[in-house]
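Thanks, everyone. I have one structure to walk through today. Let's put it on the screen.

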Amino acid sequence: MSFDSRVFLDSFTEEEKAELKGHFSNADRAVFAIITPKQVDRGALMSRYSRTDKTMRRVFLDEFAKNPNRGEEFYRRVLLEYGDDSVAELGEAQVAVEGISNIAAKKIEDRRIGLSYLEKSSRYVAFDQKVGGRYYRYVREESIMASPHADRYIEACDHSFDTYSRSIQPLQSFLKEREPIERFSFFNSDLQKEVPFGQLKSDKDIKAAERIYNVTIKAKALDLLRGLLPASTMTNVGITGNGRAFEYLLTLMYGSKLKEIRSIADQLFGELNAVIPSFIRRANDRYGQALQEYVSKTENAIGRLAKGYLSGVPPEDRPELVKLLDFEDNSQVEVKVASAILYEQAQGQSLQRITNYVKSMPTEERHKVIRTYTEFRANRRHRPGRAFEMVDYTFELFTNFGMFRDLHRHRVLTMERQLLSTRHGYDLPQELIDAGLDKGFVECMDLAKQVYEAMAKTMPEEAQYVVNFAYRYPYFVKMNLREACHMIELRTAPQGHPDYRLACQKMYSEIKRVHPVLAEGIKFVDMNKYQLERFDAEKKTEKKRQQIG
């Protein structure tokens, strides 16, 4: 006798099906999408779902359809009366925050959980145009503009943008001279293969080749020049997230020492209040203000302790780009990882007994287990499993701020950083020296340093705005082997920026030094150097462009 699981499905009348239309993707199947227009109703339905034996569509008909404010009422009761924070994750919003400094953008993007970001690229977008022919795109922070440093701040930022703008064309010309298009091969549509540029015959192929080459040259030039941009440079950030994460973000932004960030918080709250009001209601009420006070008091107290304890500790004179600070003994981590690998396929044995057994295994047998775990990875998207999360590494980095901005996007790790400053020197790309553009670069760095040092005496937070991307920035990252594998393989890909490619190559070398067998699992690290990093990627993009017409 066969059994039909559909007997468990709710059944609706034709009238009810008409009522459900526009709120659910279907009215007669077990899997359906919630498409009701109001975000608050979607979240409330999901939350109500967990506290009733009714089906969701029945809940909608019984409790929501005749009460247009049901979702708002539900959240007000649950969030305010019961404090069930988790239901705030059921409300989502997408917002754009435009014309903000890189300082503000990084503070927003410090929030790792519940929010996803997309930011304007300094690699594909040139920052050389003045608004109305008068103003470069950098933030004139209110506190700075009201201070005695305003004129020098404007001078330094304008000088940075002037140097950046007038260097773009000369640098592209230098790069084209050093790497002429004739050296490269491109796709020949007649022969259906790649040939040297000089052998292309059709106008279509020649134009495609020139487009690939010019885009690659421009990206390389902007990569090399982005170090000139100050942290005040305006960027745009798109944010997708849930109500709980937005509420926490807003609370911390309201507690910022920078007026720019507090102003953004006011505007962001206003816009979110229009689309998910119930989810962010507490961002700046007495509960939010209590959290702000806690964060502020803690920060100030630790600041006083740090000043007292660390005043006699000298700063690093010549800090290393990447330094591995903390890691476990090789034999111990191999036992931990091999035990975790075997655990998932165990037949009821405890982790402790499996670990004891793995300890007794010959070394070559443990290595066999570890190697088999990543043996069938065919590309970097075939990520190792969670057994690789059993191993942790702590790296300290002194990279330029531009590179920090790229690595900062990796959020499955712990990252702590200091205020941006000029005290650790800066990175000057060799290509700018070769192109004869180093003098202007150095002058720009020197002026920014003078203004920073004058401002930092009384306003260290605001002084960050004038610091250029080229200045080195101290921070540490703590991550497990699984995340290290993802970050290293992604950030050493040929099209990556040369700065972070070098840093991640050094991370890989350090992991390989201390844990050689585990490092074999990082199979798609690229240790090569490239003159035009974006070239192959642009060729693939052009091919896809032609395929879709």
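Start with helix α20, residues 498–514. This helix lies across three strands: β6, β7 and β9. Against β7, helix α20 runs at about 150°. Keep in mind that this is a predicted model.

Now the sheet under discussion. What is the strand order? It reads β6-β7-β9-β8. That makes four strands in an open sheet, with antiparallel pairing. Why is one side of β6 and of β8 left without a neighbour in the sheet? Strand β6, at 322–326, and strand β8, at 414–417, stand at the edges, and each has a single partner strand, so one side of each stays unpaired there. From one strand to the next, the twist averages 20°.

Look at the β7 and β9 pair. Strand β7 covers residues 392–400, and strand β9 covers residues 472–480. They pair in the antiparallel sense, over nine bridges. For a landmark, find Glu396: opposite it, in β9, stands Phe476.

Next, confidence. How far does the average pLDDT go? For the protein it is 90. Of the residues, 95% score at least 70. Where is confidence lowest? In helix α4, residues 70–82, with a mean of 59. The highest value belongs to helix α17, residues 438–456, at 98.

On to the pockets. The second largest pocket has a volume of about 1100 Å³. How many residues line it? The lining of this pocket has 37. Nearest its centre lie Arg380, Leu490, Arg491, Gln495 and Tyr500. Four elements give two or more residues to that lining: β2 at 115–119, α15 at 401–407, α19 at 481–491 and α22 at 535–547. Now the chemistry of the lining. By class, this pocket has 20 charged residues, eight polar and nine nonpolar.

Last, the cavities. The structure holds two of 30 Å³ or more. I'll take the second largest, with a volume of about 30 Å³. Which residues line it? Asn102, Lys120, Ser122 and Phe127 are among them. So are Thr233, Met234 and Thr235. Arg405 and Phe469 also belong to the lining. By class, the lining of this cavity divides into three nonpolar, four polar and two charged residues.

To recap: helix α20 lies across β6, β7 and β9, and the second largest pocket has 20 charged residues in its lining. When you go back to the model, remember that helix α4 has the lowest confidence. Over to you for discussion.

How values were computed:
Residues numbered from 1 in each chain as written. Predicted model: local features only at pLDDT ≥ 70, side-chain atom pairs only at ≥ 80, totals over all residues. Heavy atoms only, no water. Pairing = 2+ DSSP bridges. Axes fitted to C-alpha atoms, helices over the stretch in contact; angles between N-to-C directions. Contact = heavy atoms within 4.5 Å. pLDDT = per-residue confidence, 0-100. 1 Å grid on protein atoms, 1.4 Å probe; cavity = no way out; pocket = protein on both sides within 12 Å on 5 of 7 lines; lining within 4 Å. Points joined across faces, edges and corners; volume = space filled by probe spheres on them. Nonpolar A, V, L, I, M, F, W, Y, C, P; charged D, E, K, R; others polar.
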